[in-house]
Amino acid sequence: MDRRTGHRIVPETPRRPAGSSGTRYGNRPTMKDVAARAGVGLKTVSRVVNDEPGVRPETERRVQEAIDALGFRRNDSARVLRKGRTSSIGLVLEDLADPFYGMLSRAVEEVARAHGALLINGSSAEDPEREQELALALCARRVDGLLVIPAGDDHRYLEPEIRAGVATVFVDRPACRIDADCVLSDNFGGAREGVAHLVAHGHRRIGFIGDMPRIHTAAERLRGYRTAMREAGIPVADAWTSLGVTEPDRVRRAAQEMLSGPEPVTAIFSGNNRVTVTVLRVLAGRERPVALVAFDDLELADLLQPGVTVVAQDAAAIGRTAAERLFRQLDGTLTAPERVVLPTRLVARGSGETPPAD
């Protein structure tokens with residue numbers, strides 16, 4: 001019993017392939033081991049491993065049996081040095097646990113798989129130093145290309161890697177201080193449409209709760225909100241906007257403040273799915289209905305009463321488009337950097353069509 005964790009630990013009888021020796025971990029079988037077991041030369045093993053001709057069927061069978069018995073896996077380091085490619089790409093994102101980034105990552109992985117490449121990813125946790133650390137660590141492991149959802153505001157650290165031939169595409173947010181391909185959603189246009197939708201249903205006191213203002217997507221969605229309000233001739237009170245971390249306590253306080261006082265907001269536009277979840281919890285305890293339009297769709301949004309009206313962005317399309325551009329860079333069909341902006345879609349489900357209570 002492990003006293004720290006309370007886990008019951010039962011020793012396991014070691015099981016090693018016949019002929020193996022040394023420690024249990026980190027002692028991988030080599031081509032030399034395979035050659036010795038099969039009774040052939042190293043060159044013969046190399047030909048079998050690399051599917052090269054010139055090996056008799058009986059000899060190939062013995063080598064393959066030795067490979068299977070020892071659990072041998074080819075070390076691709078030498079092949080990488082010969083070809084200059086690792087058939088791998090890196091993805092630096094904010095948080096893999098976020099459903100938006102989960103869908104985006106899956107789409108990238110499918111494109112990579114179609115090109116015979118492996119995807120390696122890591123989360124920056126919105127930390128610029130961590131983003132740089134991950135990106136450069138992936139480059140040090142000789143990935144062919146890099147997809148980055150930026151957390152920082154200076155990406156000149158990647159200029160040497162790009163000059164060295166690392167294909168690079170920025171995703172969801174543009175690069176800062178360098179010219180690079182990027183694939184984005186129409187954050188401004190989507191927010192503008194969502195707020196205009198609330199105005200069209202009679203709302204004039206509309207609150208906006210978003211992410212940290214230094215983040216490109218948050219700033220663009222705030223700009224879309226302000227533009228829609230200005231176009232409707234509605235002055236925005238200072239108390240109607242709140243940007244900051246998406247932690248539930250901060251968002252809850254912001255929503256409660258907007259919904260209190262002599263002239264509370266009658267509608268809220270939430271800036272992303274994490275904000276929306278907390279706003280929904282705040283609204284669930286209120287007697288007077290408050291309209292809600294959310295940027296980003298979320299699971300079960302259509303099953304709530306009323307269903308949540310959202311400005312939906314296509315995370316899979318963003319990831320797929322970015323990955324396809326990355327491989328087009330690698331095969332030489334893309335040259336000058338471009339910004340690709342994908343459209344959003346307003347999905348009316350009921351919460352955004354609720355009229356003002358007063």
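**Reading the classifications in a predicted model**

Visitor: Arg221 lies in helix H9, residues 216-231. Why is Arg221 called buried?

Guide: The structure is a predicted model, and the label rests on a computed value. Arg221 has a relative accessibility of 5%, and because buried means under 20% relative accessible area, Arg221 counts as buried.

Visitor: With which residues is Arg221 in contact, leaving aside its neighbours within four places in sequence?

Guide: Arg221 is in contact with Asn187, Ala191, Phe208, Gly271, Asn272, Phe295, Asp296 and Gln313, where contact means heavy atoms within 4.5 Å. A further value relates Arg221 to Gly190, since the two are 31 residues apart in sequence while their C-alpha atoms are 7.6 Å apart in space.

Visitor: Asn272 is one of those contacts of Arg221. How do you know that Asn272 is buried?

Guide: Asn272 is found in the loop between strand S8 (267-270) and helix H11 (273-284). Its relative accessibility is 6%, and the limit for buried is under 20%, so Asn272 counts as buried. Not counting residues up to four places away in sequence, Asn272 touches Asp211, Arg221, Thr246, Phe295 and Asp296.

Visitor: What makes the pairing of Asn272 and Asp211 a polar contact?

Guide: The side chains of Asn272 and Asp211 are joined at 3.3 Å, and a polar contact requires a pair of N or O atoms within 3.5 Å, one able to donate a hydrogen and the other to accept it. The pair is therefore listed as a polar contact.

Visitor: How do you know that the buried residues of helix H10 are on the same side of H10?

Guide: The buried residues of H10, residues 248-258, are Arg250, Val251, Ala254, Ala255 and Met258. They cover an arc of only 125° around the axis, which puts them on the same side of H10. The elements against which these buried residues pack are strand S6 (206-210), strand S7 (241-243) and H11.

Visitor: How do the axes of helix H5 (residues 99-114) and helix H12 (residues 315-330) meet?

Guide: The two axes come within 7 Å and cross at roughly 35°, and the crossing of H5 and H12 is right-handed. On the side of H5 the contact is made by Phe100, Met103, Leu104, Ala107, Val108, Val111 and Ala112; H12 brings Ala315, Ala316, Ile318, Gly319, Arg320, Ala323, Glu324 and Phe327.

Visitor: How do the residues of that contact of H5 with H12 divide into nonpolar, polar and charged?

Guide: The division is 12 nonpolar, one polar and two charged. Gly319 is among the residues of the contact, and because Gly counts as polar here, Gly319 falls in that class. Arg320 and Glu324 belong to the contact as well, and because Arg and Glu count as charged, these two are placed there.

Visitor: Why is Pro306 called partly exposed?

Guide: Pro306 lies in the loop between strand S9 (291-295) and strand S10 (309-312). Its relative accessibility is 43%, and because buried means under 20% and exposed over 50%, with partly exposed in between, Pro306 counts as partly exposed. Not counting residues up to four places away in sequence, Pro306 touches Gly350 and Ser351; the C-alpha atoms of Pro306 and Gly350, 44 residues apart along the chain, are separated by 5.2 Å.

Visitor: What makes the peptide bond between Gln305 and Pro306 worth noting?

Guide: Most peptide bonds are trans. The bond that joins Gln305 and Pro306, by contrast, is cis, with omega at about -5°.

Visitor: Which value is notable for the phi of Glu126, given that Glu126 is not a glycine?

Guide: Most residues other than glycine have a negative phi. Glu126 has a positive phi of about 60°; its place is in the loop between strand S2 (118-123) and helix H6 (128-140). With a relative accessible area of 10%, Glu126 is buried. Leu300, found in the loop between S9 and S10, likewise has a positive phi, of about 70°, although it is not a glycine.

Visitor: Why is Asp68 called exposed, and why is Arg61 called partly exposed?

Guide: Asp68 lies in helix H3, and Arg61 lies in helix H3 too, residues 57-70. Asp68 has a relative accessible area of 55%, and because exposed means over 50%, Asp68 is exposed. Arg61 has 38%, which is in between the limits of 20% and 50%, so Arg61 is partly exposed.

Methods: Residues are numbered from 1 along each chain as its sequence is written. This is a predicted model: local features need pLDDT of at least 70, side-chain atom pairs count only at pLDDT 80 or more; totals for chains, interfaces and linings use all residues. Side-chain values use heavy atoms; hydrogens and water are left out. Axes are lines fitted to C-alpha atoms, for helices over the stretch in contact, and angles run from 0 to 180 degrees between N-to-C directions. Helices (H or I, at least four residues) and strands (E, at least two) are DSSP runs, numbered from the N terminus. A crossing is left-handed if the near helix is turned anticlockwise from the far one by less than a right angle, and right-handed if clockwise. Buried means under 20% relative accessible area, exposed over 50%, partly exposed in between (1.4 Å probe, protein chains only). The arc is that of the directions from the helix axis to the C-beta atoms.
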